[in-house]
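Open the model in a viewer and keep the sequence panel beside it. The stops below say what to select and what is there.

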Amino acid sequence: MSKPDELLVDIATMVESEQSNQMSLTVVVQGAVLTGRLAPEVVWRQRVAEVLEQSERLGPFSALFSSAGTHSRSPRGSGPPTHLHFHVARILQGSLGLPETGGMYRVAIKDVSAWTVGDFRYSDR
């Protein structure tokens with residue numbers, strides 16, 4: 001998309017302001033289908049940092065994602081969200097979801113060509 005979908009930006013804004021990770025979403029980005037739950041950026045960054053800290057080779061990168069690593073950047077409140085932050089998300093490939101256990105994905109809202117509310121793994125009844 002050349003201009004981000006305003007409704008999708010509103011959803012991302014609400015996720016960020018409510019600090020909620022209960023919004024299930026499925027998006028299409030450059031032909032790939034990604035399904036999962038949205039998380040606020042700060043929560044997503046912290047979880048990625050925790051995973052990286054556990055790795056001998058990737059541990060040093062954890063600081064880039066932790067709250068300590070974000071102090072050098074401008075404050076997040078300077079405009080609407082530009083990215084969606086998925087956790088326990090999967091890329092759908094046929095009848096498979098990869099990775100099977102779910103992953104952490106960051107997607108630019110401007111790159112989303114289609115989307116729907118809901119996650120192909122969760123039942124929100």
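**The whole chain**

Start with the cartoon view and follow the chain along the sequence: the pattern is α-β-β-α-α-β-β-β. That makes 3 helices and 5 strands in the chain. Keep in mind that this is a predicted model. Switch on the surface of the chain, and the accessible area comes to about 7,800 Å², with 57% of it belonging to carbon and sulfur atoms. Of the 125 residues of the chain, 34% count as buried. Among contacts with a separation of 6 or more, 59% are between residues 24 or more positions apart.

**The sheet**

Select the strands next. In what order do the 5 strands form the open sheet? The order is S4-S3-S2-S1-S5, and the pairing is antiparallel. Colour strand S4 (96–108) and strand S5 (112–117): these are the edge strands, and each pairs on one side only. From one strand to the next, the twist averages 35°.

Zoom in on strand S1, residues 24–29, beside S5. The two pair in the antiparallel sense over 5 bridges. To see one bridge pair, select Val-27 and its partner in S5, Trp-115.

Now add helix H1, residues 6–18, which packs on the sheet. H1 touches S1, strand S2 (32–38), strand S3 (83–93) and S5, and its direction makes about 60° with that of S5. Then show helix H2, which also packs on the sheet, touching S3 and S4. The direction of H2 makes about 125° with that of S4.

**The nonpolar core**

In soluble globular proteins, nonpolar side chains tend to be buried together. Here, the largest nonpolar core has 16 residues. Select Leu-25, Val-27, Leu-38, Leu-84, Phe-86 and Val-112, the residues with the most contacts inside this core. The elements that give two or more residues to the core are H1, S1, S2 and S3. Which element gives the most? That is H1, with 5 residues.

**His-87 in strand S3**

Move on to His-87, whose place is in strand S3. Is His-87 buried or exposed? The relative accessible area of His-87 is 15%, so this residue counts as buried, the limit being under 20%. Show its surroundings: leaving out residues up to four places away in sequence, His-87 touches Asn-21, Gly-36, Arg-37, Leu-38, Ala-39, Gly-103 and Met-104. Leu-38 in that list is also one of the core residues selected at the previous stop. For a distance check, pick the C-alpha atoms of His-87 and Ser-24: they are separated by 10.0 Å, with the two positions 63 residues apart along the chain.

**Salt bridges**

Side chains of opposite charge can pair when their charged atoms come close. The structure holds 5 salt bridges, and the next selections cover some of them, including a network that links Glu-41, Arg-45 and Arg-106.

Select Arg-45 and Glu-41 to begin. Their closest N and O atoms are 3.0 Å apart. Both residues lie in helix H2, 4 residues apart, which is about one turn of the helix. Arg-45 is buried, and so is Glu-41.

Add Arg-106 to the selection. Glu-41 also forms a salt bridge with Arg-106, here with the closest N and O atoms 3.3 Å apart. Glu-41 lies in helix H2 and Arg-106 in strand S4, so this pair ties together parts that are 65 residues apart in sequence. The relative accessibility of Glu-41 is 11%, whereas Arg-106 is partly exposed, with a relative accessible area of 39%.

For another pair, select Lys-3 and Glu-6, which form a salt bridge with the closest N and O atoms 3.1 Å apart. Lys-3 counts as exposed at 56% relative accessibility, and Glu-6 is exposed too, at 54%.

**Last stop: Val-51**

Return to helix H2, residues 41–53, and select Val-51 in it. Val-51 has a relative accessible area of 41%, so this residue is partly exposed. Finish by selecting Ser-62 as well: Val-51 and Ser-62 are 11 residues apart in sequence, and their C-alpha atoms are 7.9 Å apart in space.

Note on methods: Residues are numbered from 1 along each chain as its sequence is written. This is a predicted model: local features need pLDDT of at least 70, side-chain atom pairs count only at pLDDT 80 or more; totals for chains, interfaces and linings use all residues. Side-chain values use heavy atoms; hydrogens and water are left out. Buried means under 20% relative accessible area, exposed over 50%, partly exposed in between (1.4 Å probe, protein chains only). Two strands pair if DSSP finds at least two bridges between them. Axes are lines fitted to C-alpha atoms, for helices over the stretch in contact, and angles run from 0 to 180 degrees between N-to-C directions. Contact means heavy atoms within 4.5 Å. A salt bridge is a side-chain nitrogen of Lys or Arg within 4 Å of a carboxyl oxygen of Asp or Glu. Accessible areas come from the Shrake-Rupley method with a 1.4 Å probe; for residues, only the protein chains shown count as cover. A nonpolar core is a set of buried Ala, Val, Leu, Ile, Met, Phe, Trp, Tyr and Cys residues joined through side-chain atoms within 4.5 Å.
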